[in-house]
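Reader: I have a chain open and would like to talk it through with you. Could you put it up here before we start?

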Amino acid sequence: MNQTSNEPRPPLPPFTRETAIQKVRMAEDGWNSRDAQRASLVYTVDSQWRNRAEFPKGREQIVEFLTRKWAKELEYRLIKEIWAFEGDRIAVRFAYEWHDDAGNWFRSYGNENWQFDANGLMELRYASINDMPMEESDRKFFWPLGRRPDDHAGLSELGL
């Protein structure tokens, strides 16, 4: 799939509880890949974001943003959980663990609001995120880098 493709990315809206949960897990898997090019393909070519104080627009800026993010946030591991859904919108909460190049560990907490087009591509993404410094011994996300195993606890099960 090329950078200008708008090929359908099922599941498509309107979402049911089952398809919304599936879409959330697919988003988590894409971000846990830490492959900016792959992750960008689930967004419309003109997708608009708000991520902290950055406002990427379009896939090219999304790739640049994600490339910078994962160069800084080392050993990145993310868990997303559905919060609500209706029609073409999904709200999620998430947490991810990472460390910087000095070895300082963080858990970042946040919420995202997503809106999808008819092809199941995300056209709007609004994220609010807070970083909490932590000790490495306080980590809760333990799996090899990449996709979270199906048997690893989610946010609710971890008390987050």
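Reader: Where does Arg-34 lie?

Author: Arg-34 sits in the loop between H1 and H2; the labels refer to DSSP runs, helices being H or I over at least four residues and strands E over at least two, numbered from the N terminus. The model is a predicted one, in which local features need pLDDT of at least 70 and side-chain atom pairs count only at pLDDT 80 or more, while totals for chains, interfaces and linings use all residues. Residues are numbered from 1 along each chain as its sequence is written, and side-chain values use heavy atoms, with hydrogens and water left out.

Reader: What is phi of Arg-34 near? And is Arg-34 exposed, partly exposed or buried?

Author: Phi of Arg-34 is near 55 degrees, which is a positive value in a residue other than glycine. Arg-34 counts as partly exposed because its relative accessibility is 30%, the classes being buried under 20% relative accessible area, exposed over 50% and partly exposed in between, with a 1.4 Å probe and protein chains only.

Reader: Which other residue has phi near 55 degrees, a positive value in a residue other than glycine?

Author: Arg-52 has phi near 55 degrees as well, and it too is a residue other than glycine. Arg-52 belongs to the loop between E1 and H3, and with a relative accessible area of 33% it is partly exposed.

Reader: Stepping back, how many helices and strands are in the chain, and in what pattern?

Author: The chain has three helices and five strands, and along the sequence they follow the pattern α-α-β-α-β-β-β-β.

Reader: Changing topic, which residues of the largest nonpolar core touch the most other members?

Author: Of its 28 residues, those are Trp-31, Trp-49, Leu-66, Trp-70, Ile-90, Tyr-96 and Trp-114. A nonpolar core here is a set of buried Ala, Val, Leu, Ile, Met, Phe, Trp, Tyr and Cys residues joined through side-chain atoms within 4.5 Å.

Reader: Which helices and strands supply at least two residues of this core?

Author: Helices H1 (17-32), H2 (36-40) and H3 (58-72) each supply at least two, and so do strands E1 (43-51), E2 (74-86), E3 (89-99), E4 (105-116) and E5 (122-134). Apart from this core lies another, of six residues, among them Phe-141, Trp-143, Leu-155 and Leu-158.

Reader: And what is Trp-70 in contact with, leaving aside its neighbours within four places in sequence?

Author: Trp-70 is in contact (heavy atoms within 4.5 Å) with Trp-31, Arg-34, Asp-35, Ala-36, Ala-39 and Tyr-76, so the loop residue we began with, Arg-34, appears in that list.

Reader: Which peptide bonds are cis?

Author: A cis bond joins Pro-10 and Pro-11, with omega about 0 degrees, and the bond from Pro-13 to Pro-14 is cis with omega near 0 degrees. Pro-11 is in the segment before H1, as is Pro-14.

Reader: How far apart are Ala-102 and Pro-11?

Author: They are 91 residues apart in sequence and 40 Å apart in space, C-alpha to C-alpha. Ala-102 lies in the loop between E3 and E4, and at 60% relative accessibility it counts as exposed.

Reader: Last one: what does the C-alpha trace span, and how much of the chain is buried?

Author: Along its principal axes the trace spans about 45 × 30 × 25 Å, and buried residues make up 49% of the 160 residues.
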